[in-house]
Amino acid sequence: MSDSPASADHLHDLASFVRASPSSYHAAAEAARRLEAAGFTALDEAEHWATGPGRYFAIRDGAIAAWILPPSAGPATPFRIVGAHTDSPGFKLKPKPTTGSQGWLQAGVEVYGGPLFNSWLDRELEFAGRLVFDDGSSALVRTGPFLRFPQLAVHLDRGVNSDGLTLNPQSHLNPVIGVGSAADTDVIAHLAGLVGRAGRHVVGYDVVVADTQPSAVFGLDGALFASARLDNLSSVHAGLAALIALAEAGSDGLDDIPVFAAFDHEEVGSDTRSGASGPFLADILARIKPDATESDRARAFARSWCLSADAGHAVHPNYPERHDPANRPVVGRGPLLKINANQRYATDAFGAAEWARSCRQAGVGYQEFVSNNAVPCGSTIGPLTATRLGIRTFDVGIALLSMHSARELCGVEDPAALAAAIGAFLAPSTPSER
(Lines give C-alpha, C1' and ligand atoms only; values in the text may rest on other atoms or scores of the structure.)
Protein backbone atom coordinates (compact mmCIF):
# COMPACT_ATOMS: atom_id res chain seq x y z
CA MET A 1 0.00 0.00 0.00
CA SER A 2 1.01 3.64 -0.29
CA ASP A 3 3.65 4.93 2.14
CA SER A 4 1.38 7.92 2.89
CA PRO A 5 -1.49 7.37 5.37
CA ALA A 6 -3.35 10.29 3.79
CA SER A 7 -3.05 8.69 0.35
CA ALA A 8 -4.19 5.33 1.72
CA ASP A 9 -7.23 6.90 3.39
CA HIS A 10 -8.08 8.81 0.24
CA LEU A 11 -7.75 5.68 -1.88
CA HIS A 12 -10.00 3.71 0.45
CA ASP A 13 -12.59 6.48 0.27
CA LEU A 14 -12.30 6.62 -3.53
CA ALA A 15 -12.97 2.89 -3.70
CA SER A 16 -16.08 3.41 -1.56
CA PHE A 17 -17.23 6.23 -3.82
CA VAL A 18 -16.77 4.11 -6.95
CA ARG A 19 -18.63 1.21 -5.36
CA ALA A 20 -21.57 3.51 -4.56
CA SER A 21 -21.60 5.05 -8.05
CA PRO A 22 -22.34 2.49 -10.78
CA SER A 23 -24.19 5.13 -12.84
CA SER A 24 -24.04 8.92 -13.16
CA TYR A 25 -27.30 9.15 -11.18
CA HIS A 26 -25.84 7.11 -8.36
CA ALA A 27 -22.68 9.26 -8.42
CA ALA A 28 -24.73 12.43 -8.06
CA ALA A 29 -26.75 10.86 -5.24
CA GLU A 30 -23.62 9.68 -3.41
CA ALA A 31 -22.03 13.11 -3.77
CA ALA A 32 -25.23 14.64 -2.37
CA ARG A 33 -25.18 12.24 0.58
CA ARG A 34 -21.62 13.23 1.43
CA LEU A 35 -22.34 16.93 1.02
CA GLU A 36 -25.36 16.77 3.33
CA ALA A 37 -23.25 14.95 5.92
CA ALA A 38 -20.77 17.85 5.68
CA GLY A 39 -23.48 20.45 6.35
CA PHE A 40 -24.37 21.47 2.79
CA THR A 41 -28.00 22.38 2.10
CA ALA A 42 -29.83 20.78 -0.85
CA LEU A 43 -31.57 23.24 -3.17
CA ASP A 44 -34.35 22.41 -5.64
CA GLU A 45 -34.01 24.13 -9.02
CA ALA A 46 -37.80 24.53 -9.15
CA GLU A 47 -37.92 26.45 -5.86
CA HIS A 48 -36.72 29.84 -4.62
CA TRP A 49 -33.13 29.66 -3.37
CA ALA A 50 -31.60 31.05 -0.21
CA THR A 51 -29.09 33.76 -1.07
CA GLY A 52 -27.16 34.22 2.17
CA PRO A 53 -23.71 32.87 3.06
CA GLY A 54 -23.56 29.13 3.47
CA ARG A 55 -22.93 25.75 1.83
CA TYR A 56 -25.28 24.55 -0.91
CA PHE A 57 -25.73 22.00 -3.69
CA ALA A 58 -28.19 21.21 -6.46
CA ILE A 59 -28.72 18.11 -8.63
CA ARG A 60 -29.84 18.06 -12.24
CA ASP A 61 -30.35 14.46 -13.36
CA GLY A 62 -26.88 12.84 -13.31
CA ALA A 63 -25.07 16.13 -12.65
CA ILE A 64 -24.41 17.94 -9.39
CA ALA A 65 -23.03 21.33 -8.40
CA ALA A 66 -21.97 22.45 -4.92
CA TRP A 67 -20.56 25.73 -3.61
CA ILE A 68 -19.58 27.70 -0.55
CA LEU A 69 -20.77 31.31 -0.38
CA PRO A 70 -18.46 33.14 2.05
CA PRO A 71 -19.75 36.05 4.16
CA SER A 72 -17.53 38.51 2.26
CA ALA A 73 -18.91 37.63 -1.20
CA GLY A 74 -20.27 40.51 -3.24
CA PRO A 75 -21.85 40.91 -6.69
CA ALA A 76 -18.47 40.91 -8.48
CA THR A 77 -16.69 38.29 -6.36
CA PRO A 78 -14.94 35.82 -8.69
CA PHE A 79 -15.47 32.05 -8.75
CA ARG A 80 -13.01 29.19 -8.47
CA ILE A 81 -14.65 26.29 -10.25
CA VAL A 82 -13.64 22.63 -10.35
CA GLY A 83 -15.34 20.75 -13.19
CA ALA A 84 -15.51 16.98 -13.75
CA HIS A 85 -17.96 14.43 -15.16
CA THR A 86 -19.97 11.62 -13.59
CA ASP A 87 -20.45 9.31 -16.60
CA SER A 88 -18.15 6.61 -17.96
CA PRO A 89 -18.12 4.76 -21.30
CA GLY A 90 -19.95 1.47 -21.46
CA PHE A 91 -23.41 0.25 -22.47
CA LYS A 92 -26.98 1.40 -21.95
CA LEU A 93 -30.17 -0.64 -21.80
CA LYS A 94 -32.28 -0.41 -24.98
CA PRO A 95 -36.07 -0.22 -25.32
CA LYS A 96 -37.71 -3.68 -25.41
CA PRO A 97 -34.58 -5.01 -23.71
CA THR A 98 -35.63 -8.59 -22.95
CA THR A 99 -34.32 -10.85 -25.72
CA GLY A 100 -32.96 -14.35 -26.11
CA SER A 101 -31.50 -16.90 -28.47
CA GLN A 102 -30.76 -20.62 -28.46
CA GLY A 103 -32.25 -21.11 -25.02
CA TRP A 104 -30.34 -18.21 -23.48
CA LEU A 105 -31.98 -15.16 -21.93
CA GLN A 106 -30.32 -11.96 -23.04
CA ALA A 107 -30.69 -8.19 -22.76
CA GLY A 108 -30.49 -5.59 -25.51
CA VAL A 109 -27.90 -2.90 -24.87
CA GLU A 110 -26.54 0.03 -26.87
CA VAL A 111 -22.95 1.29 -26.88
CA TYR A 112 -22.48 4.42 -24.75
CA GLY A 113 -19.41 6.49 -25.62
CA GLY A 114 -16.19 4.73 -26.58
CA PRO A 115 -15.59 1.66 -24.37
CA LEU A 116 -12.87 -0.88 -25.05
CA PHE A 117 -15.22 -3.71 -26.05
CA ASN A 118 -12.89 -6.60 -25.27
CA SER A 119 -12.36 -5.45 -21.68
CA TRP A 120 -16.05 -6.03 -20.92
CA LEU A 121 -15.99 -9.68 -21.96
CA ASP A 122 -16.36 -12.48 -19.41
CA ARG A 123 -16.95 -10.19 -16.43
CA GLU A 124 -19.80 -10.21 -13.91
CA LEU A 125 -21.67 -6.97 -14.60
CA GLU A 126 -24.72 -5.22 -13.25
CA PHE A 127 -27.51 -2.94 -14.43
CA ALA A 128 -27.73 0.41 -12.64
CA GLY A 129 -29.55 3.68 -13.19
CA ARG A 130 -32.95 5.27 -12.66
CA LEU A 131 -36.54 4.21 -13.28
CA VAL A 132 -39.39 6.68 -13.79
CA PHE A 133 -42.94 5.59 -12.89
CA ASP A 134 -46.38 6.55 -14.17
CA ASP A 135 -47.14 8.51 -10.99
CA GLY A 136 -44.21 10.88 -11.73
CA SER A 137 -41.89 9.40 -9.11
CA SER A 138 -38.47 7.93 -9.79
CA ALA A 139 -36.04 5.58 -8.08
CA LEU A 140 -32.42 4.54 -8.35
CA VAL A 141 -31.84 0.85 -8.96
CA ARG A 142 -28.92 -1.57 -9.23
CA THR A 143 -28.94 -5.32 -9.63
CA GLY A 144 -25.58 -6.47 -8.39
CA PRO A 145 -23.93 -9.19 -10.56
CA PHE A 146 -26.55 -9.97 -13.21
CA LEU A 147 -25.16 -10.17 -16.76
CA ARG A 148 -22.12 -11.15 -18.79
CA PHE A 149 -20.79 -10.68 -22.33
CA PRO A 150 -19.55 -14.24 -23.11
CA GLN A 151 -16.55 -14.57 -25.40
CA LEU A 152 -16.39 -17.26 -28.08
CA ALA A 153 -14.11 -20.12 -26.98
CA VAL A 154 -10.73 -20.36 -28.70
CA HIS A 155 -11.70 -23.83 -29.96
CA LEU A 156 -14.40 -22.16 -32.09
CA ASP A 157 -12.19 -19.29 -33.27
CA ARG A 158 -8.72 -20.74 -33.79
CA GLY A 159 -7.32 -17.56 -35.31
CA VAL A 160 -8.36 -15.16 -32.54
CA ASN A 161 -4.88 -14.92 -30.99
CA SER A 162 -3.08 -14.47 -34.32
CA ASP A 163 -5.63 -12.55 -36.38
CA GLY A 164 -7.09 -10.42 -33.59
CA LEU A 165 -10.52 -10.17 -32.01
CA THR A 166 -13.21 -8.31 -33.95
CA LEU A 167 -16.49 -7.60 -32.16
CA ASN A 168 -19.62 -6.44 -33.93
CA PRO A 169 -21.50 -4.47 -31.24
CA GLN A 170 -24.90 -5.50 -32.60
CA SER A 171 -24.16 -9.19 -33.10
CA HIS A 172 -21.60 -10.02 -30.44
CA LEU A 173 -22.38 -7.71 -27.51
CA ASN A 174 -25.71 -9.07 -26.36
CA PRO A 175 -25.17 -10.08 -22.73
CA VAL A 176 -26.60 -13.25 -21.23
CA ILE A 177 -28.70 -12.93 -18.08
CA GLY A 178 -29.94 -16.49 -17.67
CA VAL A 179 -31.60 -19.37 -19.45
CA GLY A 180 -35.18 -19.81 -20.57
CA SER A 181 -37.69 -18.05 -22.80
CA ALA A 182 -37.81 -14.30 -23.32
CA ALA A 183 -41.61 -14.61 -23.48
CA ASP A 184 -41.61 -15.57 -19.79
CA THR A 185 -39.14 -12.91 -18.60
CA ASP A 186 -39.17 -9.11 -18.28
CA VAL A 187 -35.93 -7.28 -17.44
CA ILE A 188 -37.78 -4.08 -16.60
CA ALA A 189 -40.15 -5.91 -14.26
CA HIS A 190 -37.13 -7.37 -12.50
CA LEU A 191 -35.58 -3.92 -12.06
CA ALA A 192 -38.84 -2.47 -10.79
CA GLY A 193 -39.24 -5.33 -8.33
CA LEU A 194 -35.90 -4.43 -6.75
CA VAL A 195 -37.44 -1.14 -5.57
CA GLY A 196 -40.81 -2.64 -4.67
CA ARG A 197 -42.72 -1.59 -7.78
CA ALA A 198 -44.48 -3.44 -10.58
CA GLY A 199 -42.96 -3.39 -14.04
CA ARG A 200 -46.18 -2.10 -15.62
CA HIS A 201 -45.71 1.19 -13.78
CA VAL A 202 -42.30 1.90 -15.37
CA VAL A 203 -42.71 4.48 -18.15
CA GLY A 204 -39.07 5.44 -18.66
CA TYR A 205 -35.59 4.41 -17.65
CA ASP A 206 -31.93 5.35 -17.97
CA VAL A 207 -30.03 2.19 -17.09
CA VAL A 208 -26.38 1.43 -17.84
CA VAL A 209 -24.09 -1.58 -17.49
CA ALA A 210 -21.42 -1.38 -14.78
CA ASP A 211 -18.59 -3.63 -13.62
CA THR A 212 -19.03 -5.19 -10.18
CA GLN A 213 -15.45 -6.20 -9.31
CA PRO A 214 -14.21 -4.28 -6.25
CA SER A 215 -11.32 -1.83 -6.58
CA ALA A 216 -7.94 -3.26 -5.57
CA VAL A 217 -4.41 -2.25 -4.63
CA PHE A 218 -1.82 -4.59 -6.11
CA GLY A 219 1.69 -4.87 -7.58
CA LEU A 220 5.17 -4.59 -6.14
CA ASP A 221 4.99 -2.63 -2.87
CA GLY A 222 1.27 -2.06 -3.51
CA ALA A 223 2.02 0.78 -5.92
CA LEU A 224 -0.90 0.23 -8.31
CA PHE A 225 -4.65 0.74 -8.02
CA ALA A 226 -7.21 -0.88 -10.34
CA SER A 227 -10.85 0.10 -10.47
CA ALA A 228 -13.83 0.60 -12.72
CA ARG A 229 -14.81 4.14 -13.74
CA LEU A 230 -11.62 5.96 -12.73
CA ASP A 231 -12.41 7.99 -15.84
CA ASN A 232 -13.81 10.09 -14.36
CA LEU A 233 -14.90 9.27 -10.83
CA SER A 234 -11.30 9.82 -9.72
CA SER A 235 -11.78 13.51 -10.55
CA VAL A 236 -15.33 13.74 -9.19
CA HIS A 237 -14.18 12.27 -5.89
CA ALA A 238 -11.08 14.50 -5.71
CA GLY A 239 -13.08 17.68 -6.35
CA LEU A 240 -15.78 16.66 -3.89
CA ALA A 241 -13.26 15.75 -1.20
CA ALA A 242 -11.43 19.06 -1.69
CA LEU A 243 -14.62 21.12 -1.39
CA ILE A 244 -15.78 19.27 1.72
CA ALA A 245 -12.35 19.66 3.34
CA LEU A 246 -12.48 23.39 2.58
CA ALA A 247 -15.95 23.67 4.13
CA GLU A 248 -14.80 21.87 7.25
CA ALA A 249 -11.84 24.26 7.55
CA GLY A 250 -14.18 27.28 7.51
CA SER A 251 -15.12 29.82 4.83
CA ASP A 252 -14.60 33.16 6.61
CA GLY A 253 -11.21 33.75 4.99
CA LEU A 254 -12.17 32.91 1.40
CA ASP A 255 -11.67 35.65 -1.18
CA ASP A 256 -13.40 33.76 -4.00
CA ILE A 257 -16.48 31.55 -4.27
CA PRO A 258 -15.45 27.87 -4.57
CA VAL A 259 -17.69 25.79 -6.84
CA PHE A 260 -17.64 22.07 -7.66
CA ALA A 261 -19.55 21.00 -10.81
CA ALA A 262 -19.77 17.39 -11.98
CA PHE A 263 -21.55 17.10 -15.33
CA ASP A 264 -23.13 14.13 -17.08
CA HIS A 265 -22.78 12.93 -20.71
CA GLU A 266 -19.15 13.98 -21.30
CA GLU A 267 -18.44 10.64 -22.92
CA VAL A 268 -21.08 11.33 -25.61
CA GLY A 269 -20.32 14.99 -26.31
CA SER A 270 -21.85 16.95 -23.39
CA ASP A 271 -24.69 18.41 -25.51
CA THR A 272 -27.45 17.85 -22.94
CA ARG A 273 -29.24 19.79 -20.20
CA SER A 274 -26.94 18.20 -17.63
CA GLY A 275 -23.80 18.20 -19.80
CA ALA A 276 -21.02 20.79 -19.84
CA SER A 277 -22.32 22.28 -23.10
CA GLY A 278 -25.72 22.78 -21.49
CA PRO A 279 -26.84 25.62 -19.20
CA PHE A 280 -26.40 23.90 -15.83
CA LEU A 281 -23.27 25.71 -14.62
CA ALA A 282 -24.34 29.08 -16.04
CA ASP A 283 -27.70 28.68 -14.29
CA ILE A 284 -26.00 27.85 -10.99
CA LEU A 285 -23.59 30.78 -11.14
CA ALA A 286 -26.41 33.19 -11.94
CA ARG A 287 -28.53 31.98 -9.04
CA ILE A 288 -25.67 32.07 -6.55
CA LYS A 289 -25.68 35.86 -6.89
CA PRO A 290 -29.16 36.80 -8.17
CA ASP A 291 -28.71 40.53 -7.52
CA ALA A 292 -25.56 40.81 -9.64
CA THR A 293 -25.84 42.89 -12.80
CA GLU A 294 -24.50 41.79 -16.17
CA SER A 295 -21.55 44.10 -15.54
CA ASP A 296 -20.97 42.49 -12.13
CA ARG A 297 -20.98 39.01 -13.67
CA ALA A 298 -18.63 40.04 -16.46
CA ARG A 299 -16.22 41.47 -13.89
CA ALA A 300 -16.49 38.32 -11.77
CA PHE A 301 -15.94 36.00 -14.74
CA ALA A 302 -12.93 38.02 -15.89
CA ARG A 303 -11.22 37.24 -12.57
CA SER A 304 -12.51 33.68 -12.21
CA TRP A 305 -10.80 30.34 -12.80
CA CYS A 306 -12.01 26.92 -13.86
CA LEU A 307 -9.98 23.77 -13.27
CA SER A 308 -11.25 20.99 -15.54
CA ALA A 309 -10.34 17.61 -14.01
CA ASP A 310 -10.43 14.51 -16.21
CA ALA A 311 -8.17 11.49 -16.41
CA GLY A 312 -5.25 11.43 -18.87
CA HIS A 313 -2.90 8.86 -20.35
CA ALA A 314 0.20 7.39 -18.73
CA VAL A 315 2.88 6.18 -21.13
CA HIS A 316 2.17 2.56 -22.05
CA PRO A 317 5.25 0.33 -21.65
CA ASN A 318 4.15 -1.98 -24.49
CA TYR A 319 3.19 0.81 -26.91
CA PRO A 320 5.69 3.64 -26.23
CA GLU A 321 5.55 4.75 -29.87
CA ARG A 322 1.95 5.96 -29.35
CA HIS A 323 3.12 8.69 -26.97
CA ASP A 324 5.07 11.93 -27.31
CA PRO A 325 8.79 11.11 -27.19
CA ALA A 326 9.65 13.86 -24.69
CA ASN A 327 6.57 14.00 -22.44
CA ARG A 328 5.97 10.55 -20.98
CA PRO A 329 3.91 10.59 -17.77
CA VAL A 330 4.19 7.65 -15.40
CA VAL A 331 1.70 6.64 -12.71
CA GLY A 332 2.78 7.55 -9.21
CA ARG A 333 4.65 10.72 -10.16
CA GLY A 334 1.85 13.21 -9.70
CA PRO A 335 -1.22 14.40 -11.60
CA LEU A 336 -1.10 15.75 -15.14
CA LEU A 337 -1.31 19.18 -16.68
CA LYS A 338 -2.93 18.48 -20.07
CA ILE A 339 -1.84 20.61 -23.03
CA ASN A 340 -2.94 20.67 -26.67
CA ALA A 341 -2.02 23.24 -29.35
CA ASN A 342 -5.44 22.84 -31.00
CA GLN A 343 -7.24 23.57 -27.72
CA ARG A 344 -8.70 20.12 -27.26
CA TYR A 345 -7.54 20.94 -23.74
CA ALA A 346 -8.07 24.50 -22.54
CA THR A 347 -4.71 25.01 -20.80
CA ASP A 348 -2.78 28.19 -21.68
CA ALA A 349 0.34 29.74 -20.13
CA PHE A 350 -1.56 31.45 -17.31
CA GLY A 351 -3.40 28.20 -16.59
CA ALA A 352 -0.09 26.34 -16.46
CA ALA A 353 1.20 28.91 -13.97
CA GLU A 354 -1.91 28.56 -11.79
CA TRP A 355 -1.58 24.78 -11.77
CA ALA A 356 2.10 25.04 -10.85
CA ARG A 357 1.17 27.39 -7.99
CA SER A 358 -1.58 25.06 -6.76
CA CYS A 359 0.73 22.02 -6.78
CA ARG A 360 3.50 23.97 -5.09
CA GLN A 361 1.10 25.11 -2.34
CA ALA A 362 -0.16 21.53 -1.92
CA GLY A 363 3.36 20.10 -1.85
CA VAL A 364 2.80 17.70 -4.75
CA GLY A 365 4.59 17.22 -8.03
CA TYR A 366 2.94 17.16 -11.42
CA GLN A 367 3.65 16.01 -14.97
CA GLU A 368 2.84 17.51 -18.35
CA PHE A 369 0.88 15.56 -20.95
CA VAL A 370 0.80 16.27 -24.67
CA SER A 371 -0.22 13.85 -27.43
CA ASN A 372 1.98 12.32 -30.10
CA ASN A 373 1.47 14.46 -33.22
CA ALA A 374 0.29 11.40 -35.15
CA VAL A 375 -2.19 10.29 -32.46
CA PRO A 376 -4.81 13.02 -31.93
CA CYS A 377 -6.09 13.37 -28.38
CA GLY A 378 -9.65 13.42 -27.10
CA SER A 379 -11.16 16.43 -25.38
CA THR A 380 -12.73 17.34 -22.05
CA ILE A 381 -15.26 19.69 -20.51
CA GLY A 382 -12.51 22.33 -20.25
CA PRO A 383 -12.82 23.90 -23.71
CA LEU A 384 -16.62 23.70 -23.49
CA THR A 385 -16.68 25.60 -20.19
CA ALA A 386 -14.19 28.20 -21.40
CA THR A 387 -16.20 28.76 -24.58
CA ARG A 388 -19.57 28.91 -22.87
CA LEU A 389 -18.63 31.19 -19.97
CA GLY A 390 -15.44 32.94 -21.03
CA ILE A 391 -13.72 31.89 -17.81
CA ARG A 392 -10.02 31.07 -18.02
CA THR A 393 -9.76 27.29 -17.84
CA PHE A 394 -7.04 24.66 -17.66
CA ASP A 395 -7.13 20.86 -17.86
CA VAL A 396 -5.64 18.40 -15.36
CA GLY A 397 -6.18 14.82 -14.15
CA ILE A 398 -4.49 11.67 -12.93
CA ALA A 399 -2.55 9.42 -15.33
CA LEU A 400 -4.18 6.10 -16.27
CA LEU A 401 -3.35 2.96 -18.15
CA SER A 402 -6.23 1.21 -19.96
CA MET A 403 -8.45 4.27 -20.20
CA HIS A 404 -12.02 3.37 -21.26
CA SER A 405 -11.47 -0.21 -20.21
CA ALA A 406 -14.02 -1.80 -17.90
CA ARG A 407 -11.18 -1.65 -15.36
CA GLU A 408 -8.57 1.12 -15.39
CA LEU A 409 -5.26 1.52 -13.55
CA CYS A 410 -3.50 4.38 -11.74
CA GLY A 411 -0.80 4.90 -9.12
CA VAL A 412 -1.87 4.74 -5.47
CA GLU A 413 -0.48 8.21 -4.62
CA ASP A 414 -1.99 10.13 -7.54
CA PRO A 415 -5.69 10.45 -6.52
CA ALA A 416 -4.81 12.03 -3.17
CA ALA A 417 -2.24 14.31 -4.85
CA LEU A 418 -4.92 15.51 -7.27
CA ALA A 419 -7.30 16.24 -4.38
CA ALA A 420 -4.60 18.17 -2.51
CA ALA A 421 -3.79 20.30 -5.57
CA ILE A 422 -7.49 20.96 -6.16
CA GLY A 423 -7.81 22.05 -2.54
CA ALA A 424 -4.97 24.52 -3.01
CA PHE A 425 -6.60 25.77 -6.20
CA LEU A 426 -9.93 26.37 -4.45
CA ALA A 427 -8.31 28.28 -1.57
CA PRO A 428 -5.03 29.86 -2.71
CA SER A 429 -2.80 31.06 0.10
CA THR A 430 -1.05 33.62 -2.12
CA PRO A 431 -2.32 35.92 -4.85
CA SER A 432 -2.09 34.51 -8.40
CA GLU A 433 -2.24 36.09 -11.83
CA ARG A 434 -5.76 36.07 -13.20
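1. Second largest pocket. In this predicted model, the second largest pocket encloses about 450 Å³ of space. Its lining consists of 17 residues, and those nearest the centre are Pro150, Gln151, Leu152, Ser171 and His172. Sorted by class, the lining of the second largest pocket comprises seven nonpolar, nine polar and one charged residues.

2. Largest pocket. The largest pocket holds about 750 Å³ of space. It is lined by 33 residues, of which His313, Val375, Pro376, Gly378 and Met403 are the closest to its centre. The lining of the largest pocket is made up of 13 nonpolar, 12 polar and eight charged residues.

3. Internal cavities. Four cavities of 30 Å³ or more are present in the structure. The largest cavity contains about 300 Å³ of space. Around it stand 26 lining residues, with Pro22, Asp87, Ser88, Tyr112 and Val208 nearest the centre. By class, the lining of the largest cavity divides into 11 nonpolar, seven polar and eight charged residues.

4. Elements around the largest cavity. Which elements each supply at least two residues of the lining of the largest cavity? They are α2 (24-37), β5 (90-101) and β10 (202-211). The biggest share of this lining comes from β10, which gives five residues.

5. Overall fold. The chain contains 10 helices and 20 strands. Its C-alpha atoms occupy a box of roughly 65 × 55 × 40 Å along the principal axes. The radius of gyration is 22 Å, in agreement with the value near 22 Å that a compact globule of 434 residues would have. Of the 434 residues, 52% count as buried. Among contacts between residues at least 6 apart in sequence, 77% join residues at least 24 apart.

6. Cysteines. How many disulfides does the count give? The count is zero. For Cys377, the closest cysteine sulfur is that of Cys306, at 17 Å, which is too far for a bond. Cys410 is likewise in no disulfide, since the nearest cysteine sulfur, in Cys359, is 16 Å away and a disulfide requires the two sulfur atoms to be within 2.5 Å. As to accessibility, Cys377 is buried at a relative accessible area of 15%, and Cys410 is buried at 0%.

7. Tyr366. This residue sits in the loop between α8 (349-362) and β17 (367-369). Is Tyr366 buried, partly exposed or exposed? Its relative accessibility is 32%, so Tyr366 counts as partly exposed, the range for that class running from 20% to 50%. Although Gly334 is 32 residues away along the chain, its C-alpha atom is separated from that of Tyr366 by 4.4 Å. Apart from neighbours within four places in sequence, Tyr366 is in contact with Arg333, Gly334, Pro335, Leu337, Trp355, Ala356 and Cys359.

8. Val18. Helix α1 (residues 5-19) includes Val18. The relative accessible area of Val18 is 3%, and the residue is therefore buried, the limit for that class being under 20%. Outside its neighbours within four places in sequence, Val18 is in contact with Ser215, Ser227, Ala228, Arg229 and Leu233. Val132, which is 114 residues from Val18 in sequence, lies 24 Å from it in space, C-alpha to C-alpha.

9. Cis peptide bond. Most residues other than glycine have a negative phi, and most peptide bonds are trans. The bond from Asp231 to Asn232 is cis, with omega near 15°. Asn232 belongs to helix α5 (residues 230-249).

10. Positive phi values. Two residues other than glycine are noted here. Asp61 has a positive phi, near 55°, and is located in the loop between β2 (54-60) and β3 (63-69). With a relative accessible area of 27%, Asp61 is partly exposed. His404 is not a glycine either, and its phi is positive at about 75°. The loop between β19 (399-400) and β20 (408-411) holds His404, which is buried with a relative accessible area of 18%.

Terms used
Residues numbered from 1 in each chain as written. Predicted model: local features only at pLDDT ≥ 70, side-chain atom pairs only at ≥ 80, totals over all residues. Heavy atoms only, no water. Buried < 20%, exposed > 50% of the residue type's maximum accessible area, 1.4 Å probe, protein only. 1 Å grid on protein atoms, 1.4 Å probe; cavity = no way out; pocket = protein on both sides within 12 Å on 5 of 7 lines; lining within 4 Å. Points joined across faces, edges and corners; volume = space filled by probe spheres on them. Nonpolar A, V, L, I, M, F, W, Y, C, P; charged D, E, K, R; others polar. Helix = DSSP H or I, 4+ residues; strand = E, 2+ residues; numbered from the N terminus. Rg over C-alpha atoms; globule rule 2.2 N^0.38 Å. Contact = heavy atoms within 4.5 Å.
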